[in-house]
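Please open the structure in your viewer and keep the selection tool at hand, since this tour moves from one selection to the next. At each stop you will be told what to pick and what can be found there.

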Amino acid sequence: MVLVGDDDERYFDYGTCAFPEGFDGRSLVYFNHDDIIEVILKGLADDDERLKAEELN
């Protein structure tokens with residue numbers, strides 16, 4: 001969970017940056033799980049990460 005803001009704090013499930021540019025500290029995008037319509041690419045994940053995701057679900 002990501003906390004954004006000083007005076008008007010808001011919580012988001014995810015924070016990300018543009019690909020392939022990467023993190024530059026200026027153009028972050030925040031969104032919640034409900035905002036996701038389709039996952040096109042999950043990126044890199046190993047067996048440990050998949051097991052942990054199954055436990056959390």
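A pocket, in the sense used here, is an open set of grid points where a 1.4 Å probe fits, with protein on both sides within 12 Å along at least five of seven lines. Please also keep in mind that the model before you is predicted.

**First stop: the largest pocket**

Begin with the largest pocket, which holds about 750 Å³ of space. Select Tyr14, Ile36, Val39, Leu41 and Lys42, which, of the 20 residues that line this pocket, lie nearest its centre. Which elements give two or more residues to the lining of the largest pocket? They are β3, which you can select as residues 14–16, and α1. If you then select α1, residues 47–56, you have the element with the largest share of the lining of the largest pocket, namely five residues. Colouring the lining of the largest pocket by class will give you twelve nonpolar, three polar and five charged residues.

**Second stop: a nonpolar patch**

Now keep Tyr14, Ile36 and Val39 selected and turn to the surface, where these residues make a nonpolar patch of about 240 Å². Tyr14, Ile36 and Val39 are also among the residues nearest the centre of the largest pocket, so that one selection serves for both stops. To place Ile36 along the chain, look at the loop between β4, residues 29–31, and α1. Is Ile36 buried or exposed, or something in between? Ile36 counts as partly exposed, because its relative accessibility is 32%, and partly exposed covers the range between under 20% for buried and over 50% for exposed.

**Third stop: the salt bridges of α1**

How many salt bridges does the structure hold? There are two, and for the one between Arg50 and Asp47 you should select these two residues, whose closest N and O atoms are 3.1 Å apart. Both Arg50 and Asp47 lie in helix α1, three residues apart, which is about one turn of the helix. Arg50 is partly exposed, because its relative accessibility is 42%, whereas Asp47 is exposed, with a relative accessible area of 53%.

Next select Lys52 and Glu55, which form a salt bridge with their closest N and O atoms 3.6 Å apart. Lys52 and Glu55 also both lie in helix α1, and they too are separated by three residues, about one turn of the helix. Here Lys52 counts as partly exposed at 46% relative accessibility, while Glu55 counts as exposed at 60%.

Notes. Residues are numbered from 1 along each chain as its sequence is written. This is a predicted model: local features need pLDDT of at least 70, side-chain atom pairs count only at pLDDT 80 or more; totals for chains, interfaces and linings use all residues. Side-chain values use heavy atoms; hydrogens and water are left out. Patches are made of residues with over 30% relative accessible area and no salt bridge: like charges are joined within 9 Å, nonpolar side chains (Val, Leu, Ile, Met, Phe, Trp, Tyr) within 5 Å. Accessible areas come from the Shrake-Rupley method with a 1.4 Å probe; for residues, only the protein chains shown count as cover. A salt bridge is a side-chain nitrogen of Lys or Arg within 4 Å of a carboxyl oxygen of Asp or Glu. Helices (H or I, at least four residues) and strands (E, at least two) are DSSP runs, numbered from the N terminus. Buried means under 20% relative accessible area, exposed over 50%, partly exposed in between (1.4 Å probe, protein chains only). On a 1 Å grid over the protein atoms alone, a cavity is a set of points where a 1.4 Å probe fits but cannot get out, and a pocket is an open set with protein on both sides within 12 Å along at least five of seven lines; lining residues have an atom within 4 Å of a point. Grid points are joined across faces, edges and corners, and a volume is the space filled by probe spheres set on the points. Ala, Val, Leu, Ile, Met, Phe, Trp, Tyr, Cys and Pro count as nonpolar, Asp, Glu, Lys and Arg as charged, and the others, Gly among them, as polar.
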